[in-house]
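Reader: Mind walking me through this one? I'd like to start with the aromatic rings and then go on to a helix and the core.

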Amino acid sequence: MKLTQSQIQNLYTFTRQHYVEHYDLQTELVDHLANDIESVWQTQPTLPYEQARDKAFKKFGVFGFMDVVERRQKAMSKRYIKYLWDELKQWFTLPKAITTMALFVIIYMALTSVLAVYFLITFYALVCVFVFYKSLQLKKQFKIRKEASNKKWMLEEIIFKQAGGSAIVLITQLPQWYNFSGSLLENPYVIFGVSTFSTLFFLWMYISFEVIPNKAEDLLNETYPEFCL
């Protein structure tokens, strides 16, 4: 005994009612529930659909779909971080390595000047402005994409929303630069360390807010074969 199309659509509604918002995870759960329901019908063919569905749902335990959602979020977050690392590594191979080195040298030279502390404050303030602007822009893009497809994909949400979380971290840390001791910048090891961190931080922000979102279509098609449909 097979599920009807209306029953399958009901399963999508059922997963949404149980706090599963993302279409990719809904589809996976619907497929799992459908198989379980059909297995139930093999032994109890007269059991009504709703009771068979509820029986299949009980297999997920007390917390329902919460554990499945959490596991998928962790998996998609790992995938996103992998994309970030893959892109970052490209900036240390030619020809992008030239740009990375130039950025490092500019920051290093600025930190050896008498205006080093003010440079740090200005540098991170400008990054703050960039982060806030791009966060608003990506949020708007995500809203448009969601309205166009009427579906929410977990990786898509991470790409267009997770980067904005760095803005909060940046704002909370920015005041620390006001207390940065000028004497520390007389230490060449400190200058080298701060220059390295600043270079990597800038590249990480650029990749998060510019590079990855621009490659969203390719990454989503790679992750979800049904995305292009």
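**Rings, a helix and a core**

Author: Sure. Keep in mind that this is a predicted model. As a way in, ring pairs join a cluster made up of Tyr-12, Tyr-23, Trp-153 and Tyr-224.

Reader: How many aromatic pairs does the structure hold? And what kind of pair do Tyr-23 and Trp-153 make?

Author: The structure holds 15 aromatic pairs. For Tyr-23 and Trp-153, the ring centres are 5.3 Å apart and the planes sit at 70°. Planes over 60 degrees apart count as edge-to-face, so this pair is edge-to-face.

Reader: How many residues apart in sequence are the parts that this pair ties together?

Author: Tyr-23 belongs to helix H2 (residues 23-43). Trp-153 is in the loop between helix H6 (116-149) and helix H7 (154-161). So the pair ties together parts whose separation in sequence is 130 residues.

Reader: Which is buried and which is partly exposed, Tyr-23 or Trp-153?

Author: The cut-off for buried is under 20% relative accessible area. Tyr-23 has 21%, which makes it partly exposed. Trp-153 has 3%, so the buried one is Trp-153.

Reader: What charged end sits over the ring of Tyr-23?

Author: Here we look at the face of the Tyr-23 ring. A charged end sits over it, 4.2 Å from the ring centre, and it belongs to Lys-151.

Reader: On to helix H1. How wide an arc do its buried residues cover around the axis?

Author: H1 spans residues 5-17, and its buried residues are Gln-7, Leu-11, Tyr-12, Phe-14 and Thr-15. These lie on the same side of H1, because the arc they cover is only 160°.

Reader: Which residues are exposed on the other side of H1, and what covers the buried ones?

Author: On the other side, Gln-5, Ser-6 and Gln-17 are exposed. The cover over the buried residues of H1 includes H2 and helix H3 (49-57).

Reader: Where does the largest share of the largest nonpolar core come from?

Author: That core has 59 residues, and Leu-11 is among those with the most contacts inside it. Leaving out residues up to four places away in sequence, Leu-11 touches several residues, including Val-30, Leu-33 and Ile-37. Ile-37 is also among the core residues with the most contacts. The largest share of the core, nine residues, comes from helix H9 (residues 188-214).

Note on methods
Residues are numbered from 1 along each chain as its sequence is written. This is a predicted model: local features need pLDDT of at least 70, side-chain atom pairs count only at pLDDT 80 or more; totals for chains, interfaces and linings use all residues. Side-chain values use heavy atoms; hydrogens and water are left out. Rings of Phe, Tyr and Trp (its six-membered ring) pair if their centres lie within 6.5 Å; planes under 30 degrees apart count as stacked, over 60 as edge-to-face and the rest as tilted. Helices (H or I, at least four residues) and strands (E, at least two) are DSSP runs, numbered from the N terminus. Buried means under 20% relative accessible area, exposed over 50%, partly exposed in between (1.4 Å probe, protein chains only). A charge sits over a ring if NZ of Lys or CZ of Arg is within 6 Å of the ring centre and within 35 degrees of the ring normal. The expected span of a helix is 1.5 Å times one less than its number of residues. The arc is that of the directions from the helix axis to the C-beta atoms. Contact means heavy atoms within 4.5 Å. A nonpolar core is a set of buried Ala, Val, Leu, Ile, Met, Phe, Trp, Tyr and Cys residues joined through side-chain atoms within 4.5 Å.
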